Amino acid sequence: MDKIEIYNTMENGKLAVGVKVKDKKASLADLLESWQLLCEDPDLFKVYAEGNYAPCRGCLHNCCDTAYVIPDLISFKKMAQYLNCSCKEFISQYFHPDKTAFGLLRLKPNPCVFLKDNICTIYPVRSLICRFYVCAYLLGDTEQLIYSIAITGIAATCLFAEEEGLICKDPAVGMSSFDMMFKKLIAEYRDSSNVELFMRAREYSEIPLLPFL
Ligand code: SF4
Ligand code: SF4
């Protein structure tokens, strides 16, 4: 039996994608494995795909051009390792310095610093935000689930970076509305007990889904 079921159903007059966790022992890795099929699905309606029905691979209206990516802690560590640099070097080379200065670890954007020739150069270790984003309609509960997992992972990155002295905790002036939104979300999630799951884990397979349901 598959641990995760991905299905389509109508909500608010639109066909939307939903997730059902069928096994209480399912992990985040199981969810990501099933979710990946959505990116490759040529029959799924995607708002920005060519003709609305195409796999993400080769998409010219690439969401990586404008994405606001703050990596979750597992991907943050994996990316640094993949690039063979320390966390400090990783931040100074690949993150937006103005955002880092006020405690937000945003990858250099417009387009994403890792996008080359329309292809992600760190695809195997990309972050949860990147893995979960698909420009399809999602059921409200499903959107809430993936959103809470991704923000929990981001809050863990923030805590880790503060503990390691890599970013400052102080508030700053000059933030955009998006920066403020992320700051607020991180503040809301940082005391969640689920953050500890990301602080302890090295792999997505070590993070159970049950606490997020
Ligand atoms: S999710 Fe991104 S890559 Fe996939 S179709 Fe939409 S815009 Fe293109
Ligand atoms: S890390 Fe990769 S998948 Fe994520 S926005 Fe950048 S290029 Fe796209």
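Visitor: What makes the shell around ligand 1 divide into nonpolar, polar and charged residues the way it does?

Guide: In this predicted model, the residues around ligand 1 are Lys46, Tyr48, Ala49, Cys56, Cys59, His61, Cys63, Tyr133, Val134 and Cys135. Ala, Val, Tyr and Cys count as nonpolar and Lys as charged, while a residue such as His falls among the others, which are polar. The shell of ligand 1 therefore divides into eight nonpolar, one polar and one charged.

Visitor: And how do you know the class of the residues around ligand 2?

Guide: The same reading works there. Ligand 2 is surrounded by Cys64, Val69, Cys112, Phe114, Leu115, Cys120, Ile122 and Cys130. Cys, Val, Phe, Leu and Ile are on the nonpolar list, so this shell has eight nonpolar, no polar and no charged residues.

Visitor: Why is the chain called as compact as a globular protein of that length?

Guide: Let me start with the elements. The chain has eight helices and four strands, and from the N terminus on they run β-β-α-α-α-α-β-β-α-α-α-α. The radius of gyration is 17 Å, and the globule rule gives 17 Å for 213 residues, so the chain is as compact as a globular protein of that length. The C-alpha atoms fill a box of roughly 45 × 40 × 35 Å along the principal axes.

Visitor: What share of the contacts joins residues at least 24 apart?

Guide: Among contacts between residues at least 6 apart in sequence, 67% join residues at least 24 apart. As for the surface, about 11,600 Å² is accessible, and 53% of that belongs to carbon and sulfur atoms. Buried residues make up 46% of the 213 residues.

Visitor: Which residues have the most contacts inside the largest nonpolar core?

Guide: That core has 64 residues, and the ones with the most contacts inside it are Leu28, Phe90, Phe114, Leu128, Phe132, Ile149 and Phe198. At least two residues each come from strand E2 (14-21) and from several helices, including H1 (28-40), H5 (128-132) and H8 (193-200). The largest share, 12 residues, comes from H6. As background, nonpolar side chains tend to be buried together in soluble globular proteins.

Visitor: What is Leu128 in contact with, beyond its neighbours within four places in sequence?

Guide: Leu128 is in contact with Leu28, Leu32, Asp72, Ile149, Ala150, Phe198 and Tyr204. Two of these partners, Leu28 and Ile149, are themselves among the residues with the most contacts inside the core.

Visitor: Why is Thr157 called buried?

Guide: Buried means under 20% relative accessible area. Thr157 has 1%, so it counts as buried. Thr157 is found in helix H6, and it touches Pro71, Asp72, Leu73, Phe76 and Leu105, not counting residues up to four places away in sequence.

Visitor: And how do you know whether Ile91 is buried or exposed?

Guide: The relative accessibility of Ile91 is 7%, which is under 20%, so Ile91 counts as buried. Ile91 has its place in helix H3. Apart from residues up to four places away in sequence, it touches Phe76, Thr100, Leu105 and Leu166. Ile91 and Leu107 are 16 residues apart in sequence and 8.5 Å apart in space, C-alpha to C-alpha.

Visitor: Phe76 has come up for both residues; which residues of H2 are buried?

Guide: In H2 the buried residues are Leu73, Ile74, Ser75, Phe76, Met79 and Ala80. They pack against H3, H6 and H8. After H2 comes Asn84, with a positive phi near 60°.

Visitor: What makes the phi of Asn110 worth pointing out?

Guide: The phi of Asn110 is near 60°, a positive value in a residue other than glycine. Asn110 is found in the loop between H4 and E3. The peptide bond from Asn110 to Pro111 is cis, with omega near -5°, and Pro111 has its place in the loop between helix H4 (97-101) and strand E3 (115-116).

Visitor: Why is Asn110 called exposed?

Guide: Exposed means over 50% relative accessible area. Asn110 has 54%, so it is exposed.

Visitor: And what makes Asp117 count as exposed?

Guide: The relative accessibility of Asp117 is 77%, which is over 50%, so Asp117 counts as exposed. Asp117 lies in the loop between E3 and strand E4 (119-120). Asp117 has a positive phi of about 50°, although it is not a glycine.

How values were computed: Residues are numbered from 1 along each chain as its sequence is written. Chains are lettered from A and ligands numbered from 1 in the order in which they are written. This is a predicted model: local features need pLDDT of at least 70, side-chain atom pairs count only at pLDDT 80 or more; totals for chains, interfaces and linings use all residues. Side-chain values use heavy atoms; hydrogens and water are left out. A residue is near a molecule or strand if one of its heavy atoms lies within 4 Å of it. A nonpolar core is a set of buried Ala, Val, Leu, Ile, Met, Phe, Trp, Tyr and Cys residues joined through side-chain atoms within 4.5 Å. Buried means under 20% relative accessible area, exposed over 50%, partly exposed in between (1.4 Å probe, protein chains only). Contact means heavy atoms within 4.5 Å. The radius of gyration is taken over C-alpha atoms; the globule rule is 2.2 Å times the number of residues to the power 0.38. Accessible areas come from the Shrake-Rupley method with a 1.4 Å probe; for residues, only the protein chains shown count as cover.
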